[in-house]
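This report describes a protein–DNA model, taking the contact between the protein chains, the DNA strands and selected residues in turn.

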2 protein chains.
Amino acid sequence: MHAEETLEYRKPDRKPATREPYTLDRLLDVAVRVFTERGYDGTSFQHLSQASGLSKSSIYHHIESKEQLLRLGLERALEPLMATIGEAEARGGPAIDRLRFLIRRNVEILTDRLPYVTLLLNVHGNTAPERWALEQRRAYNRAVAAVVQEAVDEGSLRADVDAKTTARLVFGMINSVREWYRPERSPGAERLADQVLSLLLDGIRTR
Amino acid sequence: MHAEETLEYRKPDRKPATREPYTLDRLLDVAVRVFTERGYDGTSFQHLSQASGLSKSSIYHHIESKEQLLRLGLERALEPLMATIGEAEARGGPAIDRLRFLIRRNVEILTDRLPYVTLLLNVHGNTAPERWALEQRRAYNRAVAAVVQEAVDEGSLRADVDAKTTARLVFGMINSVREWYRPERSPGAERLADQVLSLLLDGIRTR
DNA sequence: GTCTATATTACGATAGAC
DNA sequence: GTCTATCGTAATATAGAC
């Protein structure tokens with residue numbers, strides 16, 4: 001007779017967990033938060049297990065692989081971001097106005113989906129989903145650079161710095177917001193977008 | 001009898017290597033390049049072996065651990081960066097001039113030590129050297145934010161956006177240069193610094 | 001839906017020959 | 001200074017009980 005059998009680990013009585021069962025969406029939230037904190041490659045299933053409270057193997061009930069978790073997270077960032085390109089085109093009007101729209105929407109999406117966009121902006125291209133995301137980002141960058149070029153051509157933006165460099169620096173500033181923005185402590189998306197737009201358009205100097 | 005044994009892999013004939021022996025400095029250059037491409041956690045000794053042409057174990061002749069490579073790489077970025085804080089203080093004069101100096105030097109160091117600074121700006125804090133580097137960066141950010149605050153107080157910079165946000169956005173734009181700058185194709189450090197300073201101070205809009 | 005147990009592979013690091 | 005061979009561990013992923 002073995003101790004395991006006699007004790008039976010109080011199995012029938014045991015409440016399996018006090019929390020509600022995980023859905024893919026809830027698990028994704030947890031995983032992407034850890035990905036943004038530790039980086040995708042720096043995150044193991046053990047980290048995901050600790051953060052979620054699930055065992056390593058239970059995570060596989062919701063997903064097929066770690067890469068799938070990454071891909072789902074990247075999609076959450078890219079979907080609204082890529083959509084703004086079409087929305088800006090549909091607006092028509094002066095390029096400078098469409099650029100303002102793109103900048104404002106970018107700040108809004110960044111603050112609204114902070115961990116997902118942070119994940120997107122930190123990928124290296126080591127896996128297939130990462131390479132796909134980088135290609136999407138390149139398409140986004142090309143589209144916004146084209147609008148910047150239009151705004152230069154229509155005389156709204158300075159022509160002494162080439163449009164490509166301006167576009168890179170402008171969206172580089174915006175994207176850097178991910179490194180310090182905290183929803184609970186930082187200004188809201190609208191106010192932050194106002195500040196970013198104002199500094200970008202008119203400069204930081206007094207006049 | 002096994003094929004492996006009969007062929008013997010031409011071992012006696014083989015020239016062990018045609019290249020000159022590695023020094024720690026040359027190995028560090030290779031390693032940091034791979035770190036910036038794949039991320040530190042995404043880089044294995046197999047990757048380092050392929051990139052260097054050394055066997056995995058030969059790398060250990062030059063270093064004691066992977067973390068040591070990381071630490072040495074981070075030091076190469078932090079050393080000149082932290083030095084600029086003291087240099088700016090020593091200059092004295094109006095805060096706006098010291099800020100221009102800090103921005104210009106930051107762009108120069110970024111382009112001059114691109115892979116090292118890129119490595120620094122991408123660390124997550126998963127290891128001891130990373131946490132040390134993050135603390136150094138916080139000290140750097142505090143110092144430049146203080147100069148921005150001085151420039152606001154002296155009336156050189158706009159006061160309608162708080163100094164901390166301005167500092168973060170300014171250096172966020174500068175640091176984003178790492179994501180696209182290529183020494184062989186991009187403008188030189190001086191010209192790029194001129195463009196960055198001009199856009200930051202006066203804005204992207206025509207006037 | 002979650003668990004324990006395990007398979008398999010890749011990782012960082014070491015030993016010792018040349 | 002570089003190599004081959006190997007160690008111990010931790011990684012992703014699977015099997016099967018409950």
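The text below begins with the protein interface, continues with the two DNA strands and ends with individual residues and salt bridges.

**Interface between the protein chains**

The model is predicted, and its local features are described where pLDDT is at least 70. In the interface, 42 residues of chain B are in contact with 41 residues of chain A. The two chains bury about 4,100 Å² between them, and 54% of this area lies on carbon and sulfur atoms. On the side of chain B, the residues that lose the most area to chain A are B:R158, B:L169 and B:I204, which together make up 19% of what that side buries.

Polar and charged pairs also cross this interface. The rule finds 22 residue pairs in polar contact between chain B and chain A, both residues being at pLDDT 80 or more. Four helices of chain B, namely α2 (24-38), α6 (95-112), α9 (163-176) and α10 (189-202), each supply at least two residues of the side that touches chain A. Of the elements of chain B, α9(B) gives the most to that side, with eight residues. By class, the side of chain B that touches chain A holds 13 nonpolar, 16 polar and 13 charged residues.

Seven salt bridges are counted between chain B and chain A. In one salt bridge, the side chains of A:D202 and B:R205 meet at 2.7 Å, N to O.

**DNA strand D**

There are 20 residues around DNA strand D, of which A:F45, B:S55, B:S57, B:S58 and B:H62 come nearest. Of the strand D atoms within 4 Å of the protein, 63% belong to sugar or phosphate, and the rest belong to bases. The approaches to phosphate oxygens of strand D include the side chain of B:S58, with an N or O atom at 2.9 Å, and the side chain of A:Q46, with an N or O atom at 3.3 Å. A:T43 instead places a backbone N or O atom 3.5 Å from a phosphate oxygen of this strand. The elements that give two or more residues to the surface near strand D are α3 (45-52) and α4 (56-59) of chain A, together with α4 (56-59) of chain B. By class, this surface has five nonpolar, 11 polar and four charged residues.

**DNA strand C**

DNA strand C is surrounded by 18 residues, and the closest are A:S55, A:S57, A:S58, A:H62 and B:F45. Sugar or phosphate accounts for 61% of the strand C atoms within 4 Å of the protein, with bases supplying the rest. A polar side-chain atom of B:Y60 lies 3.0 Å from a phosphate oxygen of strand C. Backbone atoms take part as well: a polar backbone atom of A:Y22 is 3.2 Å from a phosphate oxygen, and a backbone N or O atom of B:T43 is 3.4 Å from a phosphate oxygen. Two or more residues of the surface near strand C come from each of α4 of chain A and α3 (45-52) of chain B. This surface divides into five nonpolar, 11 polar and two charged residues.

**Two buried residues**

A:T36 lies in helix α2 (residues 24-38) of chain A and counts as buried because its relative accessibility is 18%. Leaving out residues up to four places away in sequence, A:T36 touches A:P115, A:T118, A:L119 and B:H124.

B:P129 is found in helix α8 (residues 128-153) of chain B. Its relative accessibility is 8%, so B:P129 counts as buried. Beyond its neighbours within four places in sequence, B:P129 is in contact with B:E67, B:L70, B:R71 and B:L74.

**Salt bridges within the chains**

Over all chains the structure holds 30 salt bridges. Three of them are set out here.

| Salt bridge | N to O distance |
|---|---|
| A:E75 and A:R71 | 3.0 Å |
| A:R138 and A:E135 | 3.1 Å |
| B:R76 and B:D29 | 4.0 Å |

A:E75 and A:R71 are separated by about one helical turn because they are four residues apart in helix α5 (residues 66-91) of chain A. A:R138 and A:E135 are likewise separated by about one helical turn, being three residues apart in helix α8 (residues 128-153) of chain A.

B:R76 and B:D29 form a salt bridge. This pair links distant parts of the chain, with B:R76 in helix α5 (residues 66-91) of chain B and B:D29 in helix α2 of chain B, 47 residues apart. Salt bridges that share partners also join A:R137, A:R178, A:E179, B:R137, B:R178 and B:E179 into one network.

Conventions. Residues are numbered from 1 along each chain as its sequence is written. Chains are lettered from A and ligands numbered from 1 in the order in which they are written. Side-chain values use heavy atoms; hydrogens and water are left out. Contact means heavy atoms within 4.5 Å. Buried area is the accessible area (1.4 Å probe) that two parts lose on being put together, summed over both. A polar contact is a pair of N or O atoms within 3.5 Å; within protein, one must be able to donate a hydrogen and the other to accept it, and residues adjacent in sequence count only if both atoms are side-chain atoms. Ala, Val, Leu, Ile, Met, Phe, Trp, Tyr, Cys and Pro count as nonpolar, Asp, Glu, Lys and Arg as charged, and the others, Gly among them, as polar. A residue is near a molecule or strand if one of its heavy atoms lies within 4 Å of it. Buried means under 20% relative accessible area, exposed over 50%, partly exposed in between (1.4 Å probe, protein chains only).
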